[in-house]
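Here is a short report on one structure. Keep the 3D view open as you read.

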Amino acid sequence: MSSNSTIRSICCIGAGYVGGPTMAVIADRCPDVKVTVVDINQDRIAAWNHPDLSKLPVYEPGLDAVVERARGRNLFFSTAVEETIASADMVFISVNTPTKTRGLGAGQASDLRWVEACARTVAKEATGHTIVVEKSTLPVRTAEAVKAILGSVDSSSEQKTFSVLSNPEFLAEGTAIRDLANPDRVLIGGENAEAIDALAEIYQQWVPEEKILRTNLWSSELSKLTANAFLAQRISSINSVAALCEATGADVREVAKAIGTDSRIGPKFLNAGPGFGGSCFQKDILNLVYLCRHFGLPDVADYWESVVLLNTWQQHRIARLVVQKLFGTVTGKRLAILGFAFKADTNDTREAPAIRICKDLLEEGAQLAIHDPKVDPEQISRDLNLIASQAPEEDAGPTRGALSGEATWWPSPDVASAIRGADAVLILTEWQQYRELDWSTLAPLMRKPAWVFDARGVVDPKQVESGGLNVWRVGEGDA
Ligand code: NAD
Ligand code: UGA
């Protein structure tokens, strides 16, 4: 950071998936700015301060190196929320904004209780002029509420002033450090040009000026929801076409390539699969749907809601299709599930497609042997609301009694033990190791006739078929 910079001290409220990595990169790139990340969660702060960098609370490739360079120099993690706010020139609000589970807007609107609590604490504790930056993903016009709370402070005895900016985050899990170091753009929305420049100056330390976009507050807030809605819409679009490909003999990978080479469409985000998961796409689209209805635009709301409905349909469709191919019943059958995380290179299972697909199959009485290289089995138990059972003995035979329909699952330490005795394999996450499986050694372990259901399009169908297995690949019809 150049010495004439306006900002000397930053406080970020929320040491989560966004606050931690984002502030680590800012501190790394701006060594003259003191950056303190605060959180009410003591365990999380302790983990950020852990001397063993493998114990950081967020796993992201490259994050440990960034934290190692900056921590203790100008990057700090603390539970001292009030004191840190009081001494900061700029406060980022980077707290969780999940979907409301009760009351007005339940199931769609964002729960803003944590954002409001932050605004109230900032109003009380800040001193002098403070720039408040919305980093959380928020409904359009939230800055109005933030400004009203900040404006309500009794400033007669002390000089307190505020500027509010919107600066949403576009990083994706698994590539967060790369996305932060080399963003497609940085978006800053606001009304006060000096405050916008002060934040832009921070990013200018490593982001080219032409990539820093300045807009009004509402455009910035709405752009974040819109970006996620457009990305998710592409996935629902390609998944809808995948189903049509299967019905007509087309291949969705060929169609994706054919349309993606049109520079107006572009090749990214056209992988058909088991539907999108992750903590944000569904939450943010449902929030958009809620806002549209709130602003009297029910047809626009229906349009965006269909993106989520199609996604849910795709997941149920895959589970149904498995049952149909296995002679209409999976009761008592062993199925191997390869991959539980919502995407590769993360252990995050929030809204993972595997959850809905596994629940549907358990409902049909299946026995699931689940393998994932990174996901903790206890997390799978929580996601499925079902405690894991002991893996059956290796020589227990392909169907262990279980025609009673009692569903069960167990974690498998490796792919071969998941597949042994199974009637079918479902690939639900695109882990690199699943692309490299040797089907000539795996195929003999299965009970015939056996199926491989490749929901991520990662196997070579010829290789699988040569092992005597049937293959279904998402979006591939019989030519
Ligand atoms: P998170 O749940 O991982 O972290 C939020 C943190 O805020 C928690 O540690 C919580 O203890 C803390 N917190 C809540 N209220 C507090 C308060 N009053 N004072 C101090 N700390 C408080 O959430 P996240 O994944 O970092 O997401 C944060 C925001 O960023 C959300 O709005 C999300 O939609 C958005 N976002 C997330 C991603 C992502 O990939 N996770 C990407 C872009 C944007
Ligand atoms: C997404 C966006 O990509 C980020 O820009 C955004 O900041 C973030 O949400 C957020 O607001 O939280 P993320 O959910 O981490 O990031 O991961 P993505 O790579 O977008 O994948 C989301 C889901 O879509 C995954 O389940 C993935 O498997 C699926 N997907 C993605 C497909 O099925 N096909 C594709 O072609 C791409």
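## The shell around ligand 2

Sort the shell around ligand 2 by class: eleven residues are nonpolar, five are charged and three are polar. This is a predicted model. In total, 19 residues surround ligand 2. The closest are Phe170, Leu171, Glu173, Cys280 and Phe342. Which helix gives the most residues to this shell? Helix H9, spanning residues 217-248, does, with four.

## Polar contacts and burial

Now look at the oxygen atoms of ligand 2. One is 2.6 Å from a polar backbone atom of Leu171. Side chains take part as well. Asn228 places a polar side-chain atom 2.9 Å from an oxygen atom of ligand 2. Lys343 also has a polar side-chain atom 2.9 Å from an oxygen atom of the ligand. How much of ligand 2 does the protein bury? Taken alone, ligand 2 exposes 700 Å², and the protein buries 88% of that.

## The open sheet

Turn next to the strands. Six of them form an open sheet with parallel pairing. Their order is S11-S10-S9-S12-S13-S14. Strands S11 (408-411) and S14 (470-473) are the edges, and each pairs on one side only. On average, neighbouring strands of this sheet are turned by 20° against each other, direction ignored.

Zoom in on one pair. Strand S9 (residues 334-338) and strand S12 (residues 424-427) run in the parallel sense and pair over four bridges. Here Leu338 stands opposite Ile427 in S12.

## A helix across two strands

Which helix lies across strands S10 and S11? Helix H14, residues 377-384, does. Strand S10 covers 367-371. Helix H14 runs at about 160° to S11.

Key:
Residues numbered from 1 in each chain as written. Chains lettered and ligands numbered in written order. Predicted model: local features only at pLDDT ≥ 70, side-chain atom pairs only at ≥ 80, totals over all residues. Heavy atoms only, no water. Near = heavy atom within 4 Å. Polar contact = N/O pair within 3.5 Å; in protein donor to acceptor, adjacent residues only side chain to side chain. Areas by Shrake-Rupley, 256 points an atom, 1.4 Å probe, with all protein chains shown as cover. Nonpolar A, V, L, I, M, F, W, Y, C, P; charged D, E, K, R; others polar. Pairing = 2+ DSSP bridges. Axes fitted to C-alpha atoms, helices over the stretch in contact; angles between N-to-C directions. Contact = heavy atoms within 4.5 Å.
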